[in-house]
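Me: I would like to learn how to read a protein model one feature at a time. Could you take me through this one, giving the general idea before each case?

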Amino acid sequence: MDSTRRPISIWIIAFLYVAVGVAGFIGHFHSLLAREPDSIMIELTELAAIIAGIFLFLGHNWARWLALAWIAFHVILSIFHPVRELVIHAVLCALIAWGLFHPGANRYFGRARSSSPPDAL
């Protein structure tokens, strides 16, 4: 695989992070307007997902660490919820970690920085 081509796993994960972040931000916005406890932290968490997704798509290495930290945070929060939620988040975390750090993704994120942006495909 050409190291400048974005792996399909990065396309999928970046899209999912943006979609989940936007949906969560919109879905929790009423809590922010109602000044409910933790609403600012929830919205910041959703914003972090959006940022991670956008910058994953743009090929920034730090964004995959933010994306991994985001899902790991959800695994930790799931400890205080039903076991099913913990299992789902743990499986998602493992899949996302693989998608972000498999050899093709490592080549993509480790490529030498050049003045040209990565291929759109």
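Me: Let us begin with a single residue: is isoleucine 42 buried, partly exposed or exposed?

Reply: The idea is to compare the relative accessible area with two cut-offs, since a residue counts as buried under 20% and as exposed over 50%. Isoleucine 42 has a relative accessible area of 33%, so isoleucine 42 is partly exposed. This residue is found in helix 2, and its C-alpha atom is separated by 9.2 Å from that of serine 31, which is 11 residues apart from isoleucine 42 along the chain. Please keep in mind that this is a predicted model.

Me: What is the overall make-up of the protein, and how much of it is buried?

Reply: There are five helices and zero strands in the protein, and from the N terminus on the elements run α-α-α-α-α. Of the 121 residues, buried residues make up 35%. Among the contacts with a separation of 6 or more, 67% are accounted for by residues 24 or more positions apart.

Me: How do I check the length of a helix, and what does helix 1 show?

Reply: One multiplies 1.5 Å by one less than the number of residues to find the expected span. Helix 1 covers residues 8-33, so its 26 residues should span 38 Å, and the end C-alpha atoms are 37 Å apart, which agrees. Even so, helix 1 has a kink of about 35 degrees, centred on glycine 27. For helix 2, with 19 residues, the reach from the first C-alpha to the last is 27 Å, close to the 27 Å expected.

Me: Which residues of these two helices are buried, and what do they pack against?

Reply: A general point helps here: an α-helix has 3.6 residues a turn, so residues three or four places apart point the same way. In helix 1 the buried residues include Ile10, Ile13, Ala14, Tyr17, Gly21 and Gly24, and what covers the buried residues of helix 1 includes helix 2, helix 3, helix 4 and helix 5. In helix 2 the buried residues include Glu46, Ala49, Ile50 and Gly53, and the buried residues of helix 2 pack against helix 1, helix 3, helix 4 and helix 5.

Me: What should I look for in the loop between helix 1 and helix 2?

Reply: Look at the phi angles, keeping in mind that most residues other than glycine have a negative phi. Arginine 35 lies in this loop between helix 1 and helix 2, and its phi is near 55 degrees, a positive value in a residue other than glycine. Aspartate 38 lies in the loop as well, with a positive phi near 70 degrees. Because exposed means over 50%, arginine 35, with a relative accessible area of 75%, is exposed, and aspartate 38, with 57%, is exposed too. Helix 2, in turn, is followed by glycine 59, whose phi is positive, near 90 degrees.

Me: How are helix 4 and helix 5 arranged, and which residues make the contact?

Reply: One starts from the angle between the two axes. The axes of helix 4 and helix 5 come within 5 Å and cross at roughly 55 degrees, and the two helices are therefore oblique to each other. Helix 4 contributes Gly99, Leu100 and Phe101 to the contact, while helix 5 contributes Pro103, Ala105, Asn106 and Phe109. These residues divide into five nonpolar, two polar and no charged.

Terms used: Residues are numbered from 1 along each chain as its sequence is written. This is a predicted model: local features need pLDDT of at least 70, side-chain atom pairs count only at pLDDT 80 or more; totals for chains, interfaces and linings use all residues. Side-chain values use heavy atoms; hydrogens and water are left out. Helices (H or I, at least four residues) and strands (E, at least two) are DSSP runs, numbered from the N terminus. The bend at a residue is the angle between axes fitted to the seven residues ending there and the seven starting there. Buried means under 20% relative accessible area, exposed over 50%, partly exposed in between (1.4 Å probe, protein chains only). Contact means heavy atoms within 4.5 Å. Axes are lines fitted to C-alpha atoms, for helices over the stretch in contact, and angles run from 0 to 180 degrees between N-to-C directions. Angles under 35 degrees count as roughly parallel, over 145 as roughly antiparallel, 65 to 115 as roughly perpendicular and the rest as oblique. Ala, Val, Leu, Ile, Met, Phe, Trp, Tyr, Cys and Pro count as nonpolar, Asp, Glu, Lys and Arg as charged, and the others, Gly among them, as polar.
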